[in-house]
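Trainee: I have a list of labels here and want the reasoning behind each one. Can we go through them?
Mentor: Yes. Bring up the model and ask.

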Amino acid sequence: MNPVDIIVKKRDGGELTRQELDFFIHGLTAGAIPDYQAAAWLMAIYFRGMTDQETTDLTLAMAASGDQLDLHDVLPGAVIVDKHSSGGVGDKTTLAVGPIAAACGLPVGKMSGRGLSFSGGTIDKLESIAGWSAEISEEHFRRQLRAIGLVIAAQTANLAPADKLLYALRDVTGTVPSLPLIAASIMSKKLAAGADAIVLDVKCGRGAFMATLADAQALARQMVAIGVLAGRKVTALITQMEQPLGLAVGNALEVQEAIATLHGAGPADFQELVEAVAGEMLLIAGAADDLAAARAQVSAVIAEGRAFDKLRAFVASQGGDAALVDHPERLPSAPVQMRVPAPASGYVHAIDAREVGLVTVDLGGGRLKKGDPIDPAVGVLLAAKVGDQIAAGETLCTIHASSETAAAAVSARLQAAYTIDATPAASLPIVLDRIVSTANKT
């Protein structure tokens, strides 16, 4: 085999074999295949697409390009379940779902990432808690998973390294939107991290990378198909991201909201999504017979305080100050809090989630490029959501900023992010669709 033959075969619409994909990914990772050939191959995939089997074989080759974590020696007989969100604005779901699932007896060992552009990152949010660290050894990871049942760590440098190489090339060659390449990128990391079953939270809307419901459904179906062909159970929820999730956008603000949700006091849309995702995790792991029973378990561990206790133990085990979990009001707080008034009376018809995310980045709560520092205290706290009635002058949201100047600079942008009309508007549903493989349909 040689790279040119593989490029030409895909260029002409052929279906690549597992051996050809293994050869290409191994050559890329070893440095034997240069960037220009990999770029040509990516463009051929972009235009010609891939079958489900091809995409699965690509995913498995990428997963095998580096370390592969096997946690079954830590928890013999356990089903290792992971969750993945495609990212959005105000998406702090893992911070609440992880402790709930662990409190229900489901081990959650998760590799998470940092935010980029308008989409926040789980690791950045947890680092709002003084002392907490995502940089832990594999031995620590295994010990904590056995003792507490919940670990959230930074992705290791050698986990699916082919994905890092391919993503860097996709970013500069116009091939990012390819569904097979997106699906393989996400699923290769999940498989390499040792998941037996995966619940996917695929966002769709203005504040998501998948703008339309049809695009989100197509991506979800592709990832579910990969999971089935790779011998895993996968369920995908398509969830709404036209407006920010919950009320809090910004790292420490989102940690506070996740803690409130573990007390059963989260915003309605976020509380519903957290309980839905946690229920799906229990169902797919075989820890409940049906969704109703799974949701009952979720409600119980929240009401009894066991999910909150699990968060506290998890934070302490990774070096964090557990007193901040008990007293979230002590988390980093911005010195300036400026309210944004409604310019007119009426009903909220839309909130531009992407703009709220970009404002948070500009306040210092996110990154424009890797390595940028983050201010954990800044962000936006919404007071009105789609469907709410509001009077002129009432608060749409509150800006949490490092200075009066920084807050004033974004106030008009946030006001313009709201669409207010005199006619009533319905609230937005949070779960839009559920895609389940026939292998685990319940």
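Trainee: Why is Y418 called buried?
Mentor: This is a predicted model, so the value is computed from predicted coordinates. Y418 has 7% relative accessibility. Buried means under 20%. Therefore Y418 counts as buried.

Trainee: What does Y418 touch, beyond residues up to four places away in sequence?
Mentor: The contacts are V348, A350, I351, L382, A384, L396 and C397. R295 is 34 Å from Y418, C-alpha to C-alpha, and 123 residues away in sequence.

Trainee: Which strand holds Y418, and what makes that strand an edge strand?
Mentor: Y418 is in strand 12, residues 418-421. Three strands make an open antiparallel sheet, ordered 10-8-12. Strand 12 pairs on one side only, and so does strand 10 (389-390); hence both are edge strands.

Trainee: How do you know that strand 8 and strand 10 pair?
Mentor: Count the bridges. Pairing needs at least two. Strand 8 (residues 346-351) and strand 10 have 2, in the antiparallel sense, so they pair. Y347 stands opposite Q389 of strand 10.

Trainee: What lies across strand 8 and strand 12?
Mentor: Helix 17, residues 404-417. Its angle to strand 12 is about 50°. Oblique is the class for what is left once under 35, 65 to 115 and over 145 degrees are taken out. So helix 17 is oblique to strand 12.

Trainee: Why is strand 11 described as largely enclosed by the rest of the structure?
Mentor: Strand 11 covers residues 395-401, and 6 of its 7 residues are buried. So the description holds.

Trainee: Which strands pair with strand 11?
Mentor: Strand 7 (residues 336-341) is joined to strand 11 by 6 bridges, antiparallel. There, V340 stands opposite C397. Strand 9 (residues 379-382) is joined to strand 11 by 4 bridges, also antiparallel. L381 has T398 as its bridge partner.

Trainee: What makes helix 5 roughly perpendicular to helix 14?
Mentor: The axes of helix 5 (residues 93-103) and helix 14 (residues 306-317) cross at roughly 110° and come within 8 Å. The roughly perpendicular range is 65 to 115 degrees, so the label fits.

Trainee: Which residues meet there, and how do they divide by class?
Mentor: L95, P99, I100, A102 and A103 in helix 5 meet R306, A307, K310 and L311 in helix 14. That gives 7 nonpolar, no polar and 2 charged residues. Arg and Lys count as charged, so R306 and K310 are the charged pair.

Trainee: Where else does I100 appear?
Mentor: In the largest nonpolar core, which has 80 residues. I100, M281 and L414 have the most contacts inside it. Helix 12 (residues 268-284) gives the most to this core, with 9 residues. Leaving out neighbours within four places in sequence, I100 is in contact with L262, V274, A278, V298, V301, I302 and A307. A second, separate core has 36 residues, including L71, L75, A192 and I435.

Trainee: What makes the pairing mixed in the sheet of 4 strands?
Mentor: I can give you one pair of it. The order is 1-4-5-13, and the sheet is open. Strand 4 (residues 197-204) and strand 5 (residues 233-240) run parallel, joined by 8 bridges. I198 stands opposite V234 in strand 5. The edges are strand 1 (81-85) and strand 13 (431-436).

How values were computed. Residues are numbered from 1 along each chain as its sequence is written. This is a predicted model: local features need pLDDT of at least 70, side-chain atom pairs count only at pLDDT 80 or more; totals for chains, interfaces and linings use all residues. Side-chain values use heavy atoms; hydrogens and water are left out. A nonpolar core is a set of buried Ala, Val, Leu, Ile, Met, Phe, Trp, Tyr and Cys residues joined through side-chain atoms within 4.5 Å. Buried means under 20% relative accessible area, exposed over 50%, partly exposed in between (1.4 Å probe, protein chains only). Contact means heavy atoms within 4.5 Å. Axes are lines fitted to C-alpha atoms, for helices over the stretch in contact, and angles run from 0 to 180 degrees between N-to-C directions.
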